[in-house]
Every structure is written in structure tokens, then in C-alpha cells.
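Trainee: Could you take me closely through one part of this model, namely its aromatic side chains and what surrounds them? I would like a connected account rather than a list.

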Amino acid sequence: MSQQPGASQQPDQGQQLDEFAAAEGLQVDQATGLRRWLVGFRQFMSSKRLGAAGVVIVVLWSVIAVGTVGDDGGWLGIGRYDSRDVFEIASVSYADDKLANALDGLSADVSASELRAIVSDPDIFEEAASNVGVEHEMVEYALGRVEAGDLIDWLVREQQIEIDDGVISDHDRLLAAGTDNPLITASLLGPSGKHWFGTDRAGHDLFSRVTEGARLSLYIGFFATLIGVAAGTVTGLVSGSLGGSVDLIINRILDAVQSFPPIAFLLLIASITDPSALWVTLSLSVLGIAPTNRIVRGSVIQIREMPYVEAARTIGATSSRIMSFHILPNIFAPLIVIFSITIGAFILAEAALSFLGLGTLDVSWGKMIADGRQFIVYSPWTSLWAGLALTSLVFGFNVLGDALRDVLDPRLRGSR
């Protein structure tokens, strides 16, 4: 097909728009998508000081939570505070001493299978460990040393045993000092170079537990919010777009869910399920559906009357296509705001459940605060660090959400 003369000289639509904007005295933004996002982020960080502080706090806790996972302290390199290196037992020295007692008189070339059988018995750590409830953690520690193949070498370096003529002999160093109780050797130690945040009643290193708690809080807060906001968005889109009986049924169901006080609902779920992070996440996500549905439904009702939606409906677009391609992209701003604010609320809710003893079995900031209450006068660090961590993370998400709300959707200011 031949090209008509002069066709190549005609400017394209984009060029025509640029010329029209220039003629009207308007400035044309030539920035690409990535550059526009970077410019917007820089403006946000400079204009919203509290929002910028929230970004820093959230990123810092995310780095701490992720960067301390793995061998040798993760990629942050603080191995002595890694959950596998500074494990949850009352005292490493106590465990080593009891292992030395169990190996006393054995041949130095004892096989790994024999060592595994010996250290798998929690009774070798005696009643002091069982009273504190750490005998199984001591078994895991000892088995880890056996699997690594350095149990005997480790005990020699720690001067717990010595090898004479190929036979292991126990130094009984701790027993001679009369400090064979783990509560005596490691309980409620103050902050120091060895334990930056001190230790709790059972001798747990508080720094490692705070980082463990950060992982749990971010995991539950993020995924509970993701599930709740996603479900609320779907129900809000459907009810707002279709209206009629569908809208009525969905909203009556969500009204019934909201009729339960949140704490009563969480207590009910905790009483009939296992204390796991999965169930806590799912139960919290249910609480996020109704508020998201209400905001999304209101936005959809407003947007569905816009001219471009009417035009799409006129040319025969289906309801699902209108919801997916014309309505959903236009409610991203309030969804981002809802997501950032809800994470902080769910992190606080998880801590409250753990404080009441109804959360997960994992290390939790709420549980740490509850455990340290009785020592708050004499050993305030047992609750202080977990409380400060929880406060800072929730504060970060809240101020970040408020700043995003002001920037992305000014109509939501003061609506909470």
C-alpha cells in the first residue's frame, strides 16, 4: 500500500499534544515511569517528615528481621546473636557442663551415633533444666554440635573436658563452683558486651529474641493485611459494581462479622484452633475485610458513574472487565493507604494476643513484655526492649500510612 505524499511529515498524536501544551503555556513532563516514581519518592521524603521517618523505621526493622536469618548471623554478620547461635536455653555453659558429665569416662574416638544417643536423652541435663523448661532446647543444641562433628573439640576448647590417654574426663568446673543451676548462671543479666540487651528470667538473650519477634510481627502483620485487604477489595468491587441484592447480601454478612467485638472474636478463634502463626494470621485477616470493603465500595459507587465507565458499558464491556480495567486501577491510592495503616494495627493485635497468652508458640514481643512484668522494677530491660521495638514499628507504619493518605487520597484525611 503506497503512502500518500506528506503523510510522513504529519506529527503523531503525542507530538500534537506536546505542541498544544506548549502553546497553552503548560509544562510537559518528559520523565519516564521509573524516574517519575523516584522524583515522587524524593518529594515525599522531603515534604512529609513524619512519613519519611516511618519509611526509615519500617525499612530498618525489615532489614533487621531479614538480615539476621541464617548461618553466621545472616548477611548482617552478627552471628553470635543469630537464633541458631544464641539459642533459647538458660546457659550454654550449663549445657556444656552436663554434656561433659555425660561423656566422662568414654573413649575420645566415640562414634557420632553413640554421641547422638547420649545427648538425645534430656535427663542428662537434670532437674534444674527441666524446671526452667529448657531441656529440649539443650538437646537440640547438643545434637547440632554432634551433627557438625565438633562436640568433643568444643568441650575441650571450653575447658569442660580433657582427654588423657584417649579417655574423656570431666573437669566439673561448674559443679565445683556450685553454680550448676541455669537460673543462677544466666538469669536476668544486665546489658553487656556479651548480651547487648541483657537476658530474661530463663537466661534467653534478649537481642536475639527481639530480632525473632520482629520477624513474627512483620510476617503476621503483612500477610494478615494482604489477605484481609485483598478479600475486602474483591467484595467491595463486587458489591459496589453490581449493587442490588448482591450488595445487600455481602454487606449484611460483613455487618454480622463486625458485630463481634474484635477481641472477643480473636479469643474465640484462639480457643478453638492451635496456637500457630497461620491461625493468628487468618483470624486477623478476617477483621480487615469489612473496613476495606466499606472504603472500596464507596469508591466504586462513585467511580462507576464516571463517563469513561459509562462509555465502556456502552460499547458492551462486561462487568468483570469494567471492574478489572476501569474501576480497580482507580482505587489503588486508597488501597495503599489502607494497607500501610492496617499492618500497624495487626502487629499491635498480635502482640496483644501473645501478651494474653493466646498467640503463637514462637518468640513474640507481646509474650516478652508479659514475661518481664514481674521483674519490671529490678530488671526493666526484660520488657523495655520488646516494648520499644513494638512501639517504634507500629509508630512507623502509622505515620507512613497517614502521610500516604495525605498524598494519595486527601479525601480520607481525618476519616478515621
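Mentor: What follows is a look at the aromatic pairs, and then at a nonpolar patch on the surface.

This is a predicted model, in which local features need pLDDT of at least 70 and side-chain atom pairs count only at pLDDT 80 or more, while totals for chains, interfaces and linings use all residues. Residues are numbered from 1 along each chain as its sequence is written, and side-chain values use heavy atoms, with hydrogens and water left out.

A pair of aromatic rings is described by the distance of the centres and the angle of the planes. Here rings of Phe, Tyr and Trp (its six-membered ring) pair if their centres lie within 6.5 Å, and planes under 30 degrees apart count as stacked, over 60 as edge-to-face and the rest as tilted. The count by this rule is seven aromatic pairs. In one of them, the ring centres of Trp-196 and Phe-207 are 5.0 Å apart and the planes stand at 75 degrees, so the pair is edge-to-face. Trp-196 sits in the loop between α10 (182-186) and α11 (206-242), whereas Phe-207 belongs to helix α11, 11 residues apart; helices (H or I, at least four residues) and strands (E, at least two) are DSSP runs, numbered from the N terminus. Phe-207 is buried at 13% relative accessibility, while Trp-196, with a relative accessible area of 34%, is partly exposed (buried means under 20% relative accessible area, exposed over 50%, partly exposed in between, with a 1.4 Å probe and protein chains only). Together with Phe-197 and Trp-385, Trp-196 and Phe-207 form one aromatic cluster.

Another pair is made by Phe-222 and Phe-339, whose ring centres lie 5.7 Å apart with planes at 80 degrees, so this pair too is edge-to-face. Because Phe-222 lies in helix α11 and Phe-339 in helix α18 (residues 332-355), the pair ties together parts that are 117 residues apart in sequence. Phe-222 is partly exposed at 36% relative accessibility, and Phe-339 is partly exposed at 21%.

Phe-222 also belongs to a nonpolar surface patch of about 700 Å², which it makes with Tyr-219, Phe-223, Leu-226, Ile-227, Leu-278, Trp-279 and Leu-282. Such patches are made of residues with over 30% relative accessible area and no salt bridge, where like charges are joined within 9 Å and nonpolar side chains (Val, Leu, Ile, Met, Phe, Trp, Tyr) within 5 Å; a salt bridge is a side-chain nitrogen of Lys or Arg within 4 Å of a carboxyl oxygen of Asp or Glu. The elements giving two or more residues to the patch are α11 and α14 (277-287), and the largest share, five residues, comes from α11. Phe-223, which lies in helix α11, is partly exposed with a relative accessible area of 37%.

Methods. Accessible areas come from the Shrake-Rupley method with a 1.4 Å probe; for residues, only the protein chains shown count as cover.
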